[in-house]
Amino acid sequence: MTRGAKITLVVFVFVLAIAGLSVGAWFIFKNDRASAAESYLNQGDQYLNNDNFSQALIAYKKAAILTPRSYAPYLKQGILAKETIHYQEAIDFINRSISLGPEELESYLVLGDAYLLNNDLGNARAAFQQAKKIAPKDDKIDFLLFETALKENNLDAAQKNLASAEKNNNLAKYIIFDALLESLNDKKEKNIAVACC
């Protein structure tokens, strides 16, 4: 074997050993990476609460690098994009989050809210319906569906969703909205009667 071939073989074995150690370390320190990622997420939340959006984004991206298969860093980046009025970017991040954590209720709620803000009512309704599949007794989801139906001018669906919210939690605001909805229906029926006569 020539001297050049020996050097090439040594370099190849050395590179292979380093790659093997790197991959091994990635799995060995999995819990440490998860802990560090959680710390970055908390740090990002603090920056977001203080309206320091650039630092929040950096913290969330660091968390994503440490835990690339976790839904949380992408959800947080989606929330940040939504807060800074970049709705399409928020939707993209949250959809990525959902692909990594399809059973996470918060992702669908934030996604529905981003769609609502982007005036995409059909996709907002679909996101809230997915959330309802995860938490069928959550009155807040029924109320979000109620709001979406109102924006779609679908009073029947609005009434149905509000009734479902009231059934799960008898809050005063639901009773007030129910009374307002009843008065809207009465007014609509009177207008139809006048138009017919």
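## A tour of the helical chain and its cores

Begin by selecting Leu48, Tyr60, Ile94 and Leu111: within the largest nonpolar core, which has 29 residues, these four touch the most other members. To see where the core draws its residues from, colour the helices α2 (30–49), α3 (53–66), α4 (72–83), α5 (87–100), α6 (105–117), α7 (121–134) and α8 (139–151), each of which supplies at least two residues. The greatest contribution to this core comes from α6, with six residues. The model under view is predicted.

**Leucine 111.** Select Leu111 next and display its surroundings. Leaving aside residues up to four places away in sequence, Leu111 touches Ile91, Ile94, Asn95, Ile98 and Ala127.

**The second core.** Now move to Phe146, Ala158, Tyr174 and Leu181, which are among the nine residues of a second core, separate from the one above. In soluble globular proteins, nonpolar side chains tend to be buried together.

**The pair α6 and α8.** Hide everything except α6 and α8. Their axes lie 12 Å apart, and the two helices pack at an angle of about 20 degrees. Angles under 35 degrees count as roughly parallel, and α6 and α8 are therefore described as roughly parallel to each other. Their crossing is left-handed. For the residues at this contact, show the side chains of Leu105, Leu109 and Leu116 in α6, which meet Ile141, Leu144, Thr148 and Lys151 in α8. By character, the residues of this contact comprise five nonpolar, one polar and one charged.

**Aspartate 92.** Restore the full chain and select Asp92, which is found in helix α5. Is Asp92 buried, partly exposed or exposed? Its relative accessible area is 46%; buried means under 20% and exposed over 50%, so Asp92 is classed as partly exposed. Then add Tyr74 to the selection and draw a distance between the C-alpha atoms: Asp92 and Tyr74 are 9.1 Å apart in space, although 18 residues separate them in sequence.

**The whole chain.** Finally, zoom out and show the chain as a cartoon. The secondary structure consists of 10 helices and zero strands, so that a walk from the N terminus passes through α-α-α-α-α-α-α-α-α-α. The chain has 197 residues, of which 31% count as buried. Among contacts between residues at least 6 apart in sequence, 45% join residues at least 24 apart.

Notes
Residues numbered from 1 in each chain as written. Predicted model: local features only at pLDDT ≥ 70, side-chain atom pairs only at ≥ 80, totals over all residues. Heavy atoms only, no water. Core = buried A, V, L, I, M, F, W, Y, C linked by side-chain atoms within 4.5 Å. Buried < 20%, exposed > 50% of the residue type's maximum accessible area, 1.4 Å probe, protein only. Helix = DSSP H or I, 4+ residues; strand = E, 2+ residues; numbered from the N terminus. Contact = heavy atoms within 4.5 Å. Axes fitted to C-alpha atoms, helices over the stretch in contact; angles between N-to-C directions. Parallel < 35°, antiparallel > 145°, perpendicular 65-115°, else oblique. Left-handed = near helix turned anticlockwise from the far one by under 90°. Nonpolar A, V, L, I, M, F, W, Y, C, P; charged D, E, K, R; others polar.
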